[in-house]
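Thank you for sharing this model, which I have read with a first-year student in mind. My comments are set out below as numbered points, to be followed with the structure open.

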Amino acid sequence: MLYADTVEANVLVHKPWFVAAMFAAVFAIFFAINLPETAFGELMRPVIGEPAESGVYGRFASALVIAIILTLNIVMIGFVPIHVQIGVVWIELLVLFLAFFYTFQLDFPFILQKLPFMITQGVLTTLYVSAVSIVIASVLAILGAIAKLSSNGFAYAIASFYTSFFRGLPLLMQVYLIYLGLPQLGFVVGAVPAGVLALSLCYGAYMTEIFRAGIQSIDRGQWEASRSIGFSFSLTMRKIILPQALPVIIPPTGNQFIAMLKDSSLVSVIGVWELMFLARTLGQKTFQHMEMLISAAMIYWILSICLELIQSRIERHYGRSKVR
Amino acid sequence: MSAEPIIQAEAVSKWYGAFQALKDINLTIHKGERIVICGPSGSGKSTLIRCFNRLEAHQAGEIRVNGVQLHAKMRNVAAVRSDVGMVFQHFNLFPHMTVLMNCMAGPMWVKGVPADKARQTATKFLERVRIPEQANKFPVQLSGGQQQRVAIARSLCMEPSVMLFDEPTSALDPEMVSEVLDTMTELARDGMTMVCVTHEMGFARAVADRVIFMDYGQIVEEGQPESFFTNPQHDRTKLFLSQILKH
């Protein structure tokens with residue numbers, strides 16, 4: 001909530017001019033689109049007859065129906081409490097998406113047949129690659145942040161070169177460079193280690209900046225109090241500064257974790273059998289690309305939602321000392 | 001004064017760039033002494049006491065704390081700091097720890113005192129500053145005066161040989177000033193060596209053995225509170241006292 005006013009203004013969606021304007025806009029947009037030619041025309045068959053021959057009347061009737069449904073829906077939602085509003089809108093959007101996928105006429109038995117393998121092989125590999133990369137990236141980020149804040153020129157130079165380089169190159173290119181470049185030096189790395197290395201280095205660079213900002217956000221007084229008691233630098237860092245920086249660091253880091261989960265799909269280009277790789281290959285033989293892509297999309301989404309939930313739990317945990 | 005010296009400053013100078021914050025300061029503080037340092041804003045009084053536990057570095061002269069000289073290459077700065085308590089204007093309690101943990105952390109992590117013993121010590125000093133019932137709260141749940149008393153208890157838990165107070169009441173609401181000053185007065189009565197930067201002239205008059213007036217990074221005047229307040233020697237001291245005591 002940004003700022004809840006103490007005076008309740010009139011609900012926007014109940015103002016006549018807003019309702020009228022919205023109705024007009026929706027009607028105009030859907031009248032411009034030739035609705036009877038779409039799947040919606042079939043639904044309207046009892047009213048407009050044969051969709052292809054319904055002409056202007058067909059377009060008018062279809063747009064009118066949609067405009068009425070949408071406007072009524074929004075006006076009605078305006079009456080219920082905020083939690084119900086959120087729930088209803090989520091469900092409606094979800095239903096619309098499912099309806100969209102339904103129009104692909106997906107082969108569900110095929111999906112069910114492939115799903116177990118996508119999960120045991122694909123999801124597990126994706127999770128494994130992301131989890132290992134996230135841990136390594138966090139370690140790199142802490143070291144990088146301390147180095148960037150230190151007065152040691154050597155450490156600062158290495159850390160700033162590292163963040164500049166790995167933030168400046170496309171991740172896909174880093175994956176190729178590490179997988180194809182390291183063998184030039186005589187190190188032949190497997191696809192999974194190469195992918196993990198690329199993801200860790202890249203995300204470590206981004207997270208270095210997040211950690212640095214988090215550490216810098218802590219008041220100087222905390223350092224002074226801690227050092228004046230006699231705590232060493234590393235004790236101050238571990239016990240005083242980092243625990244306070246974590247609530248600042250966690251929201252953007254959670255963001256990075258979610259992005260990492262999906263960017264791990266880039267390692268599919270070097271043949272790691274993770275979720276994206278399977279989504280592209282499993283349906284190839286029978287040209288059932290959509291089935292696999294949509295299933296993988298849903299799995300990615302569910303995994304991301306899980307991470308979002310974990311993130312909000314951690315944020316609540318660290319919010320304790322701020323409660324009055 | 002026959003007691004042993006705890007802090008000795010000889011010809012101490014400090015610069016921030018071209019600006020000289022401390023000019024040739026000579027000051028010896030003996031065991032059991034209560035010193036009040038006052039002076040206008042920017043006169044270097046906070047800088048001076050922050051040099052005493054080397055939160056700030058001085059560039060010329062010598063500072064010795066219990067005989068240990070403070071300098072850039074010293075190895076045992078943590079040992080000196082753990083023996084010099086410091087109370088800050090803005091309390092600087094650790095907000096992510098309970099009041100009790102704030103007090104236990106120092107003894108446990110610096111001196112390696114077992115948790116049971118540290119808890120006993122913490123409880124003892126929280127009782128001494130008269131807030132044992134707040135032990136399990138977090139600092140934000142306390143009033144400013146309570147937080148400052150916790151900060152005093154936190155320093156006392158290290159059982160320091162000298163306590164530095166850096167404007168301990170300047171950030172407090174008026175009605176909370178006295179509870180902190182009372183705590184400090186009791187501490188003084190128990191024989192703690194104290195160096196207080198403060199504008200609380202009533203406290204200075206009642207508690208101090210010596211009042212030091214600083215301006216432009218120099219010690220302008222020092223003396224017993226009685227003569228300092230009733231019969232200041234320097235014009236700058238007179239001006240300062242007239243401004244601060246006007247209300």
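The points that follow take up the contact between the chains, then the salt bridges, then a surface patch and two single residues.

1. Please keep in mind throughout that this is a predicted model, and that the values below are computed from it.

2. I would begin with the interface, where 24 residues of chain B are in contact with 21 residues of chain A. The area buried between chain B and chain A is about 1900 Å², and carbon and sulfur atoms give 63% of that area. Looking at the part that chain B buries against chain A, one finds that B:Phe94, B:His96 and B:Trp109 supply 30% of it, which is more than any other three residues supply.

3. The polar side of this interface can also be listed, since the rule finds four residue pairs in polar contact across chain B and chain A, with both residues of each pair at pLDDT 80 or more. On the side of chain B that touches chain A, at least two residues each are supplied by helix 2 (77-82), strand 6 (84-87) and helix 3 (99-111) of chain B. Helix 3 of chain B gives the largest share of that side, namely four residues.

4. How many salt bridges cross the interface of chain B and chain A? The rule finds one, and A:Glu224 forms a salt bridge with B:Arg50 in which the closest N and O atoms are 2.6 Å apart. Over all chains, the count by this rule comes to 19 salt bridges. A:Glu224 lies in helix 10 (residues 220-229) of chain A and B:Arg50 lies in helix 1 (residues 45-52) of chain B, so the pair joins two chains.

5. Are the two partners of that bridge buried or exposed? A:Glu224 has a relative accessibility of 12% and therefore counts as buried, and B:Arg50, with a relative accessible area of 11%, is buried as well. The pair should also be seen in its setting, for A:Arg220, A:Glu224, B:Lys14, B:Arg50 and B:Glu56 are linked in a network of salt bridges.

6. Within chain B, a further salt bridge is formed by B:Arg64 with B:Glu10, the closest N and O atoms being 3.0 Å apart. Because B:Arg64 lies in strand 4 (residues 60-65) and B:Glu10 in strand 1 (residues 5-16) of chain B, the pair ties together parts that are 54 residues apart in sequence. B:Arg64 counts as buried at 19% relative accessibility, whereas B:Glu10 is partly exposed, with a relative accessible area of 35%.

7. Another salt bridge of chain B is the one that B:Glu222 forms with B:Arg210, where the closest N and O atoms are 2.8 Å apart. The pair links distant parts of the chain, with B:Glu222 in strand 10 (residues 218-223) and B:Arg210 in strand 9 (residues 210-215) of chain B, 12 residues apart. B:Glu222 is partly exposed, with a relative accessible area of 37%, while B:Arg210 is buried at 14%.

8. Strand 10 of chain B also holds B:Ile219, which is partly exposed, with a relative accessible area of 24%. Leaving aside neighbours within four places in sequence, B:Ile219 is in contact with B:Ile25, B:Asn26, B:Leu27, B:Ile212, B:Phe213 and B:Met214. By C-alpha positions, B:Ile219 and B:Gln146 are 33 Å apart in space, and they are 73 residues apart in sequence.

9. Turning to chain A, I would point out a nonpolar patch on the surface, whose residues include A:Trp90, A:Leu98, A:Trp301 and A:Ile305, and whose accessible area is about 960 Å² together. Helix 5 (82-102) and helix 13 (289-318) of chain A are the elements that give two or more residues to the patch. The largest share, seven residues, comes from helix 5 of chain A. A:Ile305 lies in helix 13 of chain A and counts as partly exposed at 30% relative accessibility.

10. Finally, A:Lys148 deserves a look, since this lysine in helix 6 (residues 108-149) of chain A is buried, with a relative accessible area of 15%. Not counting residues up to four places away in sequence, A:Lys148 touches A:Tyr156, A:Ala159, A:Ser160, A:Thr163, A:Thr208, A:Glu209 and A:Arg212.

Conventions:
Residues are numbered from 1 along each chain as its sequence is written. Chains are lettered from A and ligands numbered from 1 in the order in which they are written. This is a predicted model: local features need pLDDT of at least 70, side-chain atom pairs count only at pLDDT 80 or more; totals for chains, interfaces and linings use all residues. Side-chain values use heavy atoms; hydrogens and water are left out. Patches are made of residues with over 30% relative accessible area and no salt bridge: like charges are joined within 9 Å, nonpolar side chains (Val, Leu, Ile, Met, Phe, Trp, Tyr) within 5 Å. Accessible areas come from the Shrake-Rupley method with a 1.4 Å probe; for residues, only the protein chains shown count as cover. A salt bridge is a side-chain nitrogen of Lys or Arg within 4 Å of a carboxyl oxygen of Asp or Glu. Buried means under 20% relative accessible area, exposed over 50%, partly exposed in between (1.4 Å probe, protein chains only). Contact means heavy atoms within 4.5 Å. Buried area is the accessible area (1.4 Å probe) that two parts lose on being put together, summed over both. A polar contact is a pair of N or O atoms within 3.5 Å; within protein, one must be able to donate a hydrogen and the other to accept it, and residues adjacent in sequence count only if both atoms are side-chain atoms.
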